Structure formats: C-alpha cells, structure tokens
Amino acid sequence: MSLHPLTLLFAATLVASLAVKFWLSSRQLQHVARHRDAVPAAFAERVSLDAHRKAADYTVTKARFGLLVSAVSAAVVLGWTLLGGLDALNAVVRDAIAPRFGGLAYQLALLVAFAIVSAVVDLPFEWWSTFRIEQRFGFNRTSMRLWLADLAKSTAVGALIGLPLAALVLWIMAAAGAWWWLWAWCAWSVFNLLILVLYPTVIAPLFNKFEPLADEALKSRVQALMQRCGFAAKGLFVMDGSRRSAHGNAYFTGLGAAKRVVFFDTLLAKLTVAEVEAVLAHELGHFKHRHVLKRISAMFALSLLGLALLGWLASRSWFYTALGVPPNLAAPNDALALLLFALALPVFGFFVSPLGSLLSRRHEFEADAYACQQASGADLASALIKLHEDNAATLTPDPVYVRFYYSHPPASERLAALKGAAT
Ligand SMILES: [Zn+2]
C-alpha cells in the first residue's frame, strides 16, 4: 500500500503546525514568567505590581489551556480524517437516510451529525474556559443557567440560518455543473452581506439588551466627535456586556447608513468621558481608513479562491481517499467534500495566518494615529493602559509570539507610537 502525496502533506503539515504552536507557546510562557516580578518602566507609574502579576498568571493560564485545546483539535482533525471518523459517520448516516429520503436529506443529515459531534467535543472546553479560567480571575459574570440558555439560542439561530444556506449550497453543487463554485460564491457573499445587516438589528438583541446612550455629557461629546470626523451613524447604544463578562469593549456594526456604535457598559464604567471619546476616535479611524471594507473585500476574494480550489478538488476521487474517506458510489459526495475541505483548510491556513495578524496590527497603528488627530493621544494612552489592566493582558509578551498571533500591537508599542505622535 502506498500513501497518496496529499495524505503525507496533510499529516506532515498537521504535525508541523502543532510543533510550531508548542514552540510559540513555550516561548510566551517563559517570556511572561521571566518578567512576572517587575512592571516595565514605561508602565511603572500606572500599573501596580499586583495587577502586573495577575496579568502574567492569567496569560500563562490561558496559553497553557490553549496548548491543550490545540493538541486536542489536532487529534480530532486526525480522528475525523485519516483515522476514519468521518468515513464511519458517513456510512451510518448514508445507509440510514439516503435510500428512503434521497441524496439531499442524507447530505444535510451528515452535516448536522458532524456539527453535533463537534459541538459535544467543544463544549467541555468552553465550559472550562468560562467557569474555571475566567471565574478564577474574576472575569466571569455568567451563570450556568444563562450559559445553557445562550447555547440553546445560538444552536437555534445557527440551525435557522445554517440549514437553508447548506441546502442551497448543496443544491447548487448538484445542479450548476462545473461552475457550481462561482454560483456558490455568489450565494455565500449575499448570505454574508445579509448577516452584516441582520446581526445588529435581529441577532445580537437575542443575546443582549441594547439601550440608547443616556449619559448626556458623553453623548454630546461623542456626537461632536462624529460630526468632526464626518461620520453618520443610526444610533449610540449601550450593551449589557456585564451580564456575561467583566471584559470591556466598544465596536461598530451594520452597513451604510444603518451603522451603530455600541459601547459595553463595562467599558463606560471604567473610562472617563475623554477616554471613551479617544477610544471611539480610534474606532472611527478604522472606518476612515476603510479597514472594514478592506477586510470584507479580502474575505470575499479569499472565499472565491477557496471555492474555486474546492470546485477542482471535489471532482477528484483522490481528494477523498487521501483524506481518509472513500467517496460514495451511489450517493452524492458534495457534503463530504465540504466537510473534508473545512477540516483540512485550517491546517494549511495556520502558516498563512501571521500575514493576517500583520495587516491587522498595521491597521491598529493607523487607527491610533487617526485618534491622535481627532481626540487626545494622552487620553487614548490612558484608556489603553486601563483596558490592558482590566483585561489582565500581559505587558510583556514574547515578540515572536506577538508576530504570529497578535491582532493588536502590544501596549508598549502602541504607547510608544502615541508618544511619538504627540511630540
Ligand atoms: Zn482597533
């Protein structure tokens, strides 16, 4: 028996990505532990040694847990593919459903069965992360009851949105011939735009309460800032983020004129009016530099490339057998192709991900520079320090780990850039 080159490439890449993840995390663990007992000079006036140590412990705990999750995920991917998990699940679902209900019902059932098994594997880790790690560091505010209610709601929303989309894509794959991937991409793009519109108005309110910003002083300040920046939004909202977590945030959602500004109540509780203004100016910087548009366009372009690749792979039987699942002889293989692609792609994508992090960090610097022009850089710096402390984010991450994973530059680099802009 000889192995297909794709089998070897896939297995080698999986092992290599796990090795790189272990190497990066061990660097991060050592670096943070080495700097645990001294606050960096640039933060000495603002950050207490206790807070610095808490951030180190939180970072170390999360990095260790992340390693466990990486190892388990790699084992799960291997289990589904080369070790025959998907092949076994497929045989059971296909034989039970295809003869009586037809090919589309069988394929939908396979996707659902796969989603259920994956969720059951993931849940204990999510539970541990919320009720053990976040709890231990005082960040968790959610109850078991709310957590279960969230789970039920997100499952229902996922099914309501995911099943029709999956049925549509499977139908296109069967009916649209060799160019199916182009049609599937159109459907996927329309679906994504729809979610961008529906998320703030329909989906997010299922999980959180959104109330119009009531603080008049803050409101007039924020409105003046938005006017200065030439930015129109449908409304300013406060979200009850404190129901689930103590971590604070602020963001924009929506498209075109339906844009909304959302502040977490946890953010407003911690920052002064001037600091909130500076944080918002940073967010406006993302819009002024068209970062959101660039990100969405990149996502559309990448999904077109991905679907074109899948369009080519799906009609080759070695694609299935090399990843551990012999194709069906008397039933359609489209759902299998989608699942195998979704399992294999992230394994290869891991090595490209630092590029995305790099672009994201550049965007953060650009947004910070914009905030310095439209609001006070000193207030932004002070807000960043507060948010770092409140999120227990380490001030001393390993530089290589940062290059690989961080979507935001470390606080020391951002503060240095802000200081440079002020002088
Ligand atoms: Zn940002």
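Helix α4 (residues 103-136) supplies the largest share of a nonpolar surface patch, three residues. The patch in this predicted model is made by V112, I116, V120 and L163, and it covers about 330 Å². V120 can serve as an example of its members. This residue is found in helix α4 and counts as exposed, at 55% relative accessibility. The cut-off for that label is a relative accessible area over 50%, so the value for V120, 55%, qualifies.

From the surface, the reader can turn to the metal site. The zinc ion is coordinated by H282 through NE2, by H286 through NE2, and by E364 through two OE donor entries, at 2.1 to 2.8 Å. Along the sequence, the donor residues follow the spacing H-x3-H-x77-E. H282 and H286 both belong to helix α9 (residues 273-288), and because they are four residues apart there, about one helical turn separates them. Both histidines, H282 and H286, are buried. What is the geometry of the site of the zinc ion? The angles among the four donor atoms run from 51 to 136°, and the site is irregular. A tetrahedral label would require all angles to lie between 85 and 135 degrees, so the range of 51 to 136° does not meet it. For orientation, the ideal angle for four tetrahedral donors is 109.5 degrees.

Just after helix α9 in the sequence comes a residue with a notable backbone angle. R290 lies in the loop between α9 and α10 (291-313). R290 is not a glycine, yet it has a positive phi of about 55°. Most residues other than glycine have a negative phi. A second case is A392, with a positive phi near 50° in a residue other than glycine. A392 is found in the loop between α14 (377-390) and α15 (399-405). Are these two residues buried or exposed? R290 counts as exposed, at 54% relative accessibility, whereas A392 is buried, with a relative accessible area of 2%.

The loop that holds A392 also contains D398, which takes part in a salt bridge to helix α1. Side chains of opposite charge can pair when their charged atoms come close. The side chains of D398 and R27 meet at 2.9 Å, N to O. D398 lies in the loop between α14 and α15 and R27 in helix α1, so this pair ties together parts that are 371 residues apart in sequence. The two partners are covered to unlike degrees: D398 counts as buried at 3% relative accessibility, while R27 is partly exposed at 29%.

Next to R27 in the sequence is Q28, which lies in helix α1 (residues 5-34). Q28 is buried, with a relative accessible area of 2%. Which residues does Q28 touch, leaving aside its neighbours within four places in sequence? Q28 is in contact with T59, T394, P397, D398, Y401 and Y406. D398 is therefore a partner of R27 in a salt bridge and also a contact of Q28.

A further link starts in the loop after helix α1. R36 forms a salt bridge with D57, the closest N and O atoms being 2.8 Å apart. The pair links distant parts of the chain, since R36 is in the loop between α1 and α2 (49-80) and D57 is in helix α2, 21 residues apart. R36 counts as partly exposed at 27% relative accessibility, and D57 is partly exposed at 28%.

Another salt bridge joins D150 and R244, where the closest N and O atoms are 2.5 Å apart. D150 lies in helix α5 (residues 144-175) and R244 in the loop between β2 (235-239) and β3 (250-253), so the pair ties together parts that are 94 residues apart in sequence. D150 is buried, with a relative accessible area of 13%, and R244 is buried as well, at 19%. Returning to R36 and D57, salt bridges that share partners join R36, D37, R53 and D57 into one network. In total, the structure holds eleven salt bridges.

One more pairing concerns helix α13 (residues 353-374), where S353 has its place. S353 is partly exposed, with a relative accessible area of 32%. S353 and F404 are 51 residues apart in sequence, and 7.4 Å apart in space, C-alpha to C-alpha.

Conventions
Residues numbered from 1 in each chain as written. Predicted model: local features only at pLDDT ≥ 70, side-chain atom pairs only at ≥ 80, totals over all residues. Heavy atoms only, no water. Donors = N, O, S within 2.8 Å, 3.2 Å for Na, K, Ca; no water. Tetrahedral: all angles 85-135°; square planar, octahedral: opposite > 155°, others 65-115°. Helix = DSSP H or I, 4+ residues; strand = E, 2+ residues; numbered from the N terminus. Buried < 20%, exposed > 50% of the residue type's maximum accessible area, 1.4 Å probe, protein only. Contact = heavy atoms within 4.5 Å. Patch = residues over 30% accessible without salt bridge, like charges linked within 9 Å, V, L, I, M, F, W, Y side chains within 5 Å. Areas by Shrake-Rupley, 256 points an atom, 1.4 Å probe, with all protein chains shown as cover. Salt bridge = Lys/Arg side-chain N within 4 Å of Asp/Glu carboxyl O.
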